[in-house]
Amino acid sequence: MGRVEADSRPEGLAEDGVTAALSTGAVARRLGVAPTTLRSWERRYAIGPATREDGRHRRWTPEDIALLEEMCRLTAQGVPPAEAARAAMSVSATVPRRGQSGETGRPGREAASPTRAPGGPNALPLGDVRQECRGLARAAVRLDAPAVDALLDAVIAEHGLVTAWEDVIAPTLHAVGRKWATSGERYIEVEHLLSWHVSSALRRVRPARVRPARVRERGRERADVPPVVLACVPGEQHSLPIEALAAALCERGVPARMFGAALPADALHEAVRRLGPAAVVLWAQSRSTADRSLVRIVSGVHWGVKGARKRTSLLLAGPGWAGGAYPGTVRLHGLGSAVDVIMALPRG
């Protein structure tokens, strides 16, 4: 069971609607840094919270968070942490606290200018997204691998794989792609790092505690339940979306066989023949890889005893299939709806 909240207000929102002081963990999630990073900055550079609850627990005010955002912005640009701390402190010292006129609430500790663009020139073009998405983007731009891992695991654990993918992971990946596309060869390292850690996080997903009885038996796959085969079409290297589908099915206890990027047609034919899957999902990112002949090959695979031959349900996923007519197949649109379609299939 989850913990019981004292009230239903969003985290960090006080009764009067003003942002309340936050814990170190909440601030870390908001900024996309590890809590240990915040503690290190406080210890080394005196960038710490203005108050402590009961004299012990750190409580970060909006002004404290604004200073941390400036620190994050500078370090994301490659400024050494010590220099970034000095610069952030000097900026904040010139800006009064909210509700004050030229008076400083604490020497050298004021909010950064509210007119500054969040994240500065290195910020990813995210638009209107969840706060966890901004935190993940900041961590990725800083190449902060531990923070990226922690944020991915936290958002998947809290919201489930489908919501985490659709509301946090995918928007961040798209923003990185847009930033790279408009910046020459810059930021490609951010895309590679984020993609690798997303793929790793997807592989860490485990079945939910409550498994469908018809699919799982004592935590193991039932031998009589056919799996779902997941593969990218030949020549297709963009596998993250179908990896997300594999993780979402795993989370629900649905047996699946993931074959990854660019599976040759002959190998796909053999896998379908040997496994007798409930469904085959073929991912194509671009029209150049979407192959009509492959659809015919998979649709023509039969198995089972004579007189009771079976064939698989063929599901087409990805923008590469858009605009084409593929009789006898089902198009999948979005991770959540794809999971719903697969869960509704007859499974032996």
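**Exercise 1.** Classify R252 as buried, partly exposed or exposed, and then describe its salt bridge with E251.

*Solution.* Step 1: R252 has a relative accessible area of 28%. Step 2: buried means under 20% relative accessible area, exposed over 50%, and partly exposed in between (1.4 Å probe, protein chains only). R252 is therefore partly exposed. Step 3: a salt bridge requires a side-chain nitrogen of Lys or Arg within 4 Å of a carboxyl oxygen of Asp or Glu. The side chains of R252 and E251 form such a contact at 3.3 Å, N to O. Step 4: E251, at 16% relative accessibility, counts as buried.

The model is predicted: local features need pLDDT of at least 70, side-chain atom pairs count only at pLDDT 80 or more, and totals for chains, interfaces and linings use all residues. Residues are numbered from 1 along each chain as its sequence is written, and side-chain values use heavy atoms, with hydrogens and water left out.

**Exercise 2.** Determine whether R142 and D144 are buried or exposed, and state what joins their side chains.

*Solution.* Step 1: the two side chains meet in a salt bridge of 3.4 Å, N to O. Step 2: R142 has a relative accessible area of 17% and is buried. Step 3: D144, with 15%, is buried.

**Exercise 3.** Describe the salt bridge between R204 and D153, and name the network that contains these residues.

*Solution.* Step 1: the N to O distance is 2.9 Å. Step 2: R204 is partly exposed at 36%, and D153 is partly exposed at 35%. Step 3: salt bridges link D149, D153 and R204 in a network.
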